[in-house]
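Thanks for coming. I will take a few minutes to go through one model, its confidence, its sheets and its enclosed spaces.

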Amino acid sequence: MYNLGRYVLRNSAVRSRLQQKFARTVASSASHSSSTNGTRHPGDIIANNPEPEEVQTNQPDQPFTELVRHFVNPKDFHDVLKKHGFDFFCGVPDSLLKDFCSYVDENVPSDQHVITANEGNAIALASGYHFATGKTPVVYLQNSGLGNCVNPLMSLATPSVYSVPMLLLVGWRGEPGKLDEPQHQIQGSCTPLMLDSLGIPYQTLPDYIEGAEQAVEAAKGYIDNVRGPWVLLVRRQCFYKFNSKFVQNSYPLTREEVCENIVSALDPTDVVVSTTGMLSRELFEYRARNRQGHHRDFLTVGSMGHASSIAQGIAIGRQNRRVFCLDGDGACLMHMGTMGIIGTTGLENYRHIVINNGAHDSVGGQP
């Protein structure tokens, strides 16, 4: 029997991480039942794995101790960037950069900050801004988005082509020695090697403001002299928490409720391909709660923006089965050109459903 789920769950690391998350979610639901009458919130899966308490350091009256964790205040870091002439920002939200990106989104004029569809778009947008103004832009992204950047970095921004100076803030998911999802661990170990291969210099961003400013000064010196990209790798929990005022939509249904309503109406032979992030986690949890198994589902744990193409390939190969792609708005936007190609194939067994909550939810709920 054809078992789609084996392609996701044969990886013991993926299976183990999903099962651990589901177990934590179930435990959280039980502990909250007395106060919420059993209501479960989509954010529970994250709330059960809180980050360490953040302590403001860098105060002159505090003694130095290795037991105190340092964090960079997003405002202070933005002020440092502005001081050195960096005043335009664009990119794709990332969980490791969420506090800094949220600060920028709420404190930088809208014509000086653009959240792009994908990381390659951000490199091109930053290049155009430099061509028009002569200024040096800042591009932010997760390291998994470096693949989307390779073409414009190598054929546009590199010093041997158009020589575009820019500072890249790259969230280092899967940094060696840090527990992370399997797909991030692979990407994390390759990140320095990728940058070396591209000939782009980089350094890690220190987690205290004095060191961060020194890193920016070093980047500025290189950028001004060589006229090319420079990368600052941002480790997990580098930035102090920023309390964003951004409020997500108030639609009557949550993404999780939409997912459950769709999946509950499907036939037993229907195939589901779910997009990267929270939607795949919630589909996994729904199947587990209802003891339905995962053999009909493909959970796209990485490859953001490509779930629709994966589903298209399955629909072509299994035209006797209905295939449903459950996509997110951010993921759909990332490679929207795919929708035109899907339309030309005329597959009658393929359904593409985009759930729009107006946010990059799995990387911090940013717009």
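A term first: a cavity here is a set of grid points where a 1.4 Å probe fits but cannot get out, and its volume is the space filled by probe spheres set on those points. Rolling a probe the size of a water molecule over the atoms shows where empty space is left.

What you see is a predicted model. The protein chain has an average pLDDT of 84, and 78% of the residues score at least 70. Over residues 28–55, pLDDT stays under 50, and the model has 35 contacts beyond four places in sequence for that stretch. Where pLDDT is low, the predicted coordinates should not be read in detail.

Now the cavities. Searching the whole structure turns up two of 30 Å³ or more. The second largest holds about 30 Å³ of space. Which residues line the second largest cavity? They are Gly305, Ser308, Asp327, Ala331, Cys332, His335, Met336, Thr338, Met339 and His352. By class, that lining has four nonpolar residues, five polar and one charged. Helices α13 (329–334) and α14 (337–345) each supply at least two residues of this lining.

The largest cavity has about 40 Å³ of space. Leu96, Trp172, Arg173, Gly174, Glu175, Lys178, Asp180 and Arg236 line the largest cavity. Five of these lining residues are charged, two are nonpolar and one is polar.

On to the sheets. One is an open sheet of four strands, ordered β8-β7-β9-β10, with parallel pairing. β8 (297–299) and β10 (350–355) are at the edges with a single partner strand each, so one side of each has no neighbour in the sheet. On average, neighbouring strands of this sheet are turned by 15 degrees against each other, direction ignored. Strand β9 (residues 323–328) runs parallel to β10 and is joined to β10 by six bridges. One bridge pairs Gly328 with Ile355 in β10. Helix α11 (residues 278–289) lies across β7 (271–274), β8, β9 and β10, at about 140 degrees to β8.

There is also an open sheet of six strands, in the order β2-β1-β3-β4-β6-β5, paired in parallel. Why is one side of β2 and of β5 left without a neighbour in the sheet? Because β2 (113–115) and β5 (202–204) stand at the edges, each with a single partner strand. Neighbouring strands here are turned by 20 degrees on average, direction ignored. Six bridges join the parallel strands β4 (residues 166–171) and β6 (residues 229–234), and Leu167 has Trp230 as its bridge partner in β6.

Technical notes: Residues numbered from 1 in each chain as written. Predicted model: local features only at pLDDT ≥ 70, side-chain atom pairs only at ≥ 80, totals over all residues. Heavy atoms only, no water. 1 Å grid on protein atoms, 1.4 Å probe; cavity = no way out; pocket = protein on both sides within 12 Å on 5 of 7 lines; lining within 4 Å. Nonpolar A, V, L, I, M, F, W, Y, C, P; charged D, E, K, R; others polar. Pairing = 2+ DSSP bridges. Axes fitted to C-alpha atoms, helices over the stretch in contact; angles between N-to-C directions. pLDDT = per-residue confidence, 0-100. Contact = heavy atoms within 4.5 Å.
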